[in-house]
Amino acid sequence: GGDVSTEGNVEICNNGQWNGVCGSAMNSGAAIVVCAQLGLPYTNGQSNSYRYSKYPIMPSYNGFSCYGYESSIMGCSSFCCHSCDLSSRAGVTCRGNVAQPTPSV
């Protein structure tokens with residue numbers, strides 16, 4: 001986590017292994033998807049570099065590029081597998097509102 005509950009590092013569990021994400025190739029669409037996947041406000045998700053993790057999880061994903069409507073970060077284009085240093089890890093700040101579902105007619 002970060003200073004508040006709506007910000008922090010992006011870490012992904014894949015096949016039981018936790019992996020960090022490098023921040024250099026994370027776009028705002030990826031931040032929106034991460035926030036939405038966590039049920040956090042996401043209409044103004046921002047991608048940043050954070051060092052909030054208490055655990056030194058080395059990044060192995062170079063980044064994610066999303067449109068913003070994907071249901072999971074794993075549904076986005078990923079750039080695997082490059083390790084950046086811990087200070088360059090991806091983070092997100094989730095702001096705005098959780099979009100309300102559009103009622104079907």
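A residue counts as buried under 20% relative accessible area, as exposed over 50%, and as partly exposed in between. With that scale in mind, and remembering that this is a predicted model, select cysteine 13 to begin: because its relative accessibility is 41%, cysteine 13 counts as partly exposed.

From there, turn to the cysteines that are joined in pairs, for a search of the whole structure finds 2 disulfides. Select cysteine 35 together with cysteine 94, which form a disulfide with their sulfur atoms 2.0 Å apart. Cysteine 35 sits in helix α1, while cysteine 94 belongs to the segment after β7, so this pair ties together parts that are 59 residues apart in sequence. If you look along the link of cysteine 35 and cysteine 94, the angle about the S-S bond is -85 degrees, which is left-handed. Both cysteine 35 and cysteine 94 are buried, and hiding any surface you have drawn may help in viewing them.

Next, select cysteine 66 and cysteine 76, the partners in a disulfide whose sulfur atoms are 2.0 Å apart. Here cysteine 66 and cysteine 76 both lie in the loop between β5 and β6 (77-80), and they are 10 residues apart. The link of cysteine 66 and cysteine 76 is right-handed, with 110 degrees about the S-S bond, and each of these two cysteines is buried.

Keep cysteine 66 on screen, since it also leads into the next stop. The largest nonpolar core has 19 residues, and Cys66 is listed among those with the most contacts inside it, along with Val10, Val21, Met26, Phe64, Ile73 and Val92. To see which elements build this core, colour α1 (28-37), β5 (59-65) and β7 (90-93), each of which supplies at least two of its residues. The largest share of the core comes from α1, with 5 residues.

For the last stop, select tyrosine 67 and tyrosine 69. A search of the whole structure finds 1 aromatic pair, and tyrosine 67 and tyrosine 69 form it, with a stacked arrangement in which the centres are 5.5 Å apart and the planes differ by 5 degrees. Are these two rings buried or exposed, taking tyrosine 67 first and tyrosine 69 after it? Tyrosine 67 counts as exposed because its relative accessibility is 69%, and tyrosine 69 counts as exposed because its relative accessibility is 64%.

Note on methods
Residues numbered from 1 in each chain as written. Predicted model: local features only at pLDDT ≥ 70, side-chain atom pairs only at ≥ 80, totals over all residues. Heavy atoms only, no water. Phe/Tyr/Trp six-rings, centres within 6.5 Å; stacked < 30°, edge-to-face > 60°. Buried < 20%, exposed > 50% of the residue type's maximum accessible area, 1.4 Å probe, protein only. Core = buried A, V, L, I, M, F, W, Y, C linked by side-chain atoms within 4.5 Å. Helix = DSSP H or I, 4+ residues; strand = E, 2+ residues; numbered from the N terminus. Disulfide = S-S within 2.5 Å.
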